[in-house]
Amino acid sequence: MNRTLQYLLAACVVFVIGCSGTEEPEAPAAAPPTLAITGVTLIGVTGGDSIQGAVILIAGSRIQQVGPSSEVPVPSDVELIEATGKFVIPGLADMHNHLAEGRFGFGEREQDYQRNLANLLDWGITSVYSTGIPDLEIYGDLKRISSDPASPYPHFYGVGKTFGAEGGHGSIGGFAPATPEEAREGVRENAAAGADGIKFVYSPVTYAVRSGLPQLDPEVMQAIIDEAHKNGLETMVHAPILEYAKDVLRAGADGLVHGIIDEEIDPEFIELMEQNQAFYMTTHSIFEAAGDIAGWANRLREFDRSGRASTLEIEAGLNPELVSEWEARWDNFAYMDEQMPVLGANTKAAYDAGLLVVAGSDTGDSGAGVVNGLSLQVELQLLVESGLTPRQVLQTATINAARMVGRETELGTVEAGKLADLVILNADPLVDIGNVNDIHLVVKGGVVYDPAQAVDVGSGQSVDEE
């Protein structure tokens, strides 16, 4: 018998002796439920039948059990939310948000980013992706305060500061690298600040300005993507023009932060997206608002059935002076209004092709009134108008958003073991997606929030923007 075989036999004997008197360790006892939601219809966003008369048991920040009342007994010693006749969906996600209030009009504005982040919960938004904040210190603070699943803030992801050509879109408050090395340095700075991804603009923005704006050099663009991947970060790109979208996808980009607005997407585009496993953000709201600012103000007012957005001065968007100033600042926004059918058709084509379509509003401080919170809800309405079913639309703002950030095992559906992020609605969103505005209660990380009694968490931490 050779020595190697002797060692193996001896090891087997030790293993058998060691195991013979050892019992399997007992699994730790499950935490007792602390909250029970009863009587609701649970909407299955990924398909299948909804569960009527459902019971949802929550233990701490996680969902412990979900099912019909006949299968899930409710303990007597838990906080009870009896919600017969109401509907539950997963917490919503706005994956393109600059965390500004999104008011109408121009001029310097002071933004309290912490308050703006917290206020999203009032609108049923429990996850948000910042696609650019012009201060990495504030960005880091937002990451810190939202890190606890039970914190009074949505789960927060972001790109840190954006990249754009000097004098071009994306450069104000961001990086404007002139060389590949400057681009790499900016990526490393964002990575050190805890960025979850890197965003850059690769478009002359001719859909807004006929003469166009400066655009990043292709070598600089490639350097951003390469350095981001080197640091384990995905790259997402502002490139709503098909030609430029294909360029960045060929260079290895991981997603597009706007839909394509200039022409119909084609098989080559679909193939490039599939090769990169890239995501496709919708952001119909910003194009709708910019193309017809007064029409957008009317849409916001009509959609907000709860009336909670009145303090955001939506009426300002109907001011003829503002409309005139808006049209004077940009000379091609009428083009966006004309192209909305193309944008909508492309979103549906992307979804039908099996691409990862993700909802985002592009709430920011552009002056177009893409107001924080409400605009994501209106975005869902715009997606229905583009041909998606209400269930498909809910997917874009729940499970697809979770997949985009690799957290589909934690977020995006109401299932046992996942974080307890959900919205209780007074009416069925599958009948009318506008019912997402009719919120009874919001639960985030097992904590219950009543939009009628919003918590003020303002930090006083702000920056001035133009």
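Start by selecting N190: at 0% relative accessibility, this residue counts as buried. One thing to keep in mind as you click around is that this is a predicted model.

**Stop 1: N190 and F163**

N190 lies in helix 4. Show its surroundings and, leaving aside residues up to four places away in sequence, you'll find it touching L136, V159, G160, K161, F163, F175, A195 and I198.

Pick F163 from that set. Where does F163 sit? Look in the loop between strand 9 and helix 4, the helix spanning 180–192. Buried or exposed? F163 is buried, with a relative accessible area of 0%. Its contacts, again not counting residues up to four places away in sequence, are G170, F175, P177, A183, G186, V187, N190, I198, K199, F200, V201 and I224. Now add V237 to the selection and draw a distance: F163 and V237 are 74 residues apart in sequence, yet 9.5 Å separates them in space, C-alpha to C-alpha.

**Stop 2: the sheet 6-8-9**

Follow the chain back from F163 to strand 9 and bring up its sheet. Three strands make up this open sheet, ordered 6-8-9, with parallel pairing. Which strands stand at the edges? They are strand 6 (92–97) and strand 9 (155–158); each has a single partner strand, so one side of each is left without a neighbour in the sheet. Turn the view to look across the strands and you can follow the twist, which averages 15° from one strand to the next.

Zoom in on strand 6 and strand 8 (residues 125–130), which pair in the parallel sense over four bridges. For one such pair, select A93, whose bridge partner in strand 8 is S127.

**Stop 3: the sheet 10-11-12-13-14**

Next, select the five strands that form another open sheet, in the order 10-11-12-13-14; the pairing here is parallel too. Its edge strands are strand 10 (197–201) and strand 14 (356–358), and each pairs on one side only.

At the strand 14 end, three bridges join that strand to strand 13 (residues 279–281), the two running parallel. Click F279 and then L356, its bridge partner in strand 14.

**Stop 4: two loops with positive phi**

Stay with strands 13 and 14, and walk off each one into the loop that follows. A bit of background for this stop: most residues other than glycine have a negative phi.

Leaving strand 13, go to T283 in the loop between that strand and helix 8. Phi of T283 is near 50°, a positive value in a residue other than glycine. T283 counts as buried, at 0% relative accessibility.

Leaving strand 14, go to D362 in the loop between that strand and helix 12. D362 also has a positive phi, near 65°, and isn't a glycine either. Its relative accessibility is 12%, and D362 counts as buried.

**Stop 5: helix 8 against helix 12**

Those loops lead to the next pair to select: helix 8 (residues 284–291) and helix 12 (residues 374–385). How do they pack? Their axes are 9 Å apart, at an angle of about 90°. The two helices are therefore roughly perpendicular to each other. Show side chains for H284, S285 and E288 of helix 8, and for S375, E379, L382 and L383 of helix 12, as these make the contact. Colour them by type and the contact divides into two nonpolar, three polar and two charged residues.

**Stop 6: strand 16 and its partners**

Jump to strand 16 (residues 439–444). Five of its six residues are buried, so this strand is largely enclosed by the rest of the structure. Strand 15 (residues 422–425) pairs with strand 16 in the antiparallel sense over four bridges, and L425 stands opposite I439. Strand 17 (residues 447–449) also pairs with strand 16 in the antiparallel sense, over three bridges; here, look for K444 opposite V447.

Strands 16 and 17 form a hairpin with two residues between the strands, where G445 takes a positive phi near 60°.

**Last stop: zoom out**

Show the whole chain, and you have 14 helices and 18 strands on screen. Of its 466 residues, 55% count as buried. Among contacts between residues at least 6 apart in sequence, 71% join residues at least 24 apart. Switch on the surface to finish: the chain exposes about 19200 Å², with carbon and sulfur atoms supplying 49% of it.

Key. Residues are numbered from 1 along each chain as its sequence is written. This is a predicted model: local features need pLDDT of at least 70, side-chain atom pairs count only at pLDDT 80 or more; totals for chains, interfaces and linings use all residues. Side-chain values use heavy atoms; hydrogens and water are left out. Two strands pair if DSSP finds at least two bridges between them. Axes are lines fitted to C-alpha atoms, for helices over the stretch in contact, and angles run from 0 to 180 degrees between N-to-C directions. Buried means under 20% relative accessible area, exposed over 50%, partly exposed in between (1.4 Å probe, protein chains only). Contact means heavy atoms within 4.5 Å. Angles under 35 degrees count as roughly parallel, over 145 as roughly antiparallel, 65 to 115 as roughly perpendicular and the rest as oblique. Ala, Val, Leu, Ile, Met, Phe, Trp, Tyr, Cys and Pro count as nonpolar, Asp, Glu, Lys and Arg as charged, and the others, Gly among them, as polar. Accessible areas come from the Shrake-Rupley method with a 1.4 Å probe; for residues, only the protein chains shown count as cover.
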